Amino acid sequence: MSQKEILISGIVKYLNLLSDERLREVYDFVRFLSIESVEDFSLMKGVEILSQESLREFLESEPDIYSYDDIKERNG
């Protein structure tokens, strides 16, 4: 068994332990790592920026549910 096959086998064992949500994060990260061209990266960044912009109004209108008094540990 080659080193690559050993690594893949080990990774698959860990992946099987993850929740669907965490597995999706890993999938997205691996996809990011496999981007081969600057054009693909630029396209991906563009989609990311568009999604951030589309959520901006929602996130800014959400009320803050935590205050300074909720902090358990404070420096100073």
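Phe29, Val30, Phe32, Leu33 and Phe41 together make a nonpolar surface patch of about 470 Å². This is a predicted model, so let's take its features one by one, starting with that patch. Helix H2, spanning residues 20–33, is the main contributor to the patch, with four residues. One of the patch residues, Phe29, sits in helix H2 and is partly exposed, at a relative accessible area of 47%.

Next comes the largest pocket, with a volume of about 250 Å³. Two elements, H2 and helix H3 (38–61), each give two or more residues to its lining. H3 supplies the largest share, seven residues. By character, the lining divides into six nonpolar, no polar and five charged residues. Among the lining residues are Phe32 and Phe41, both also part of the nonpolar patch, as well as Asp28 and Arg31.

Those last two lead us to the salt bridges, of which the whole structure holds five. Three of them are listed here:

| Salt bridge | N to O distance |
|---|---|
| Asp28 and Arg24 | 3.8 Å |
| Arg31 and Asp28 | 4.0 Å |
| Glu53 and Arg56 | 2.6 Å |

In helix H2, Asp28 and Arg24 are four residues apart, which means a separation of about one helical turn. Arg31 and Asp28 are three residues apart in helix H2, again about one helical turn. Asp28 is partly exposed at 34% relative accessibility, and Arg31 is partly exposed at 44%.

Over in helix H3, Glu53 and Arg56 are three residues apart, or about one helical turn. Shared partners join Arg24, Asp28 and Arg31 into one salt-bridge network.

Technical notes: Residues numbered from 1 in each chain as written. Predicted model: local features only at pLDDT ≥ 70, side-chain atom pairs only at ≥ 80, totals over all residues. Heavy atoms only, no water. Patch = residues over 30% accessible without salt bridge, like charges linked within 9 Å, V, L, I, M, F, W, Y side chains within 5 Å. Areas by Shrake-Rupley, 256 points an atom, 1.4 Å probe, with all protein chains shown as cover. Salt bridge = Lys/Arg side-chain N within 4 Å of Asp/Glu carboxyl O. Buried < 20%, exposed > 50% of the residue type's maximum accessible area, 1.4 Å probe, protein only. 1 Å grid on protein atoms, 1.4 Å probe; cavity = no way out; pocket = protein on both sides within 12 Å on 5 of 7 lines; lining within 4 Å. Points joined across faces, edges and corners; volume = space filled by probe spheres on them. Nonpolar A, V, L, I, M, F, W, Y, C, P; charged D, E, K, R; others polar.
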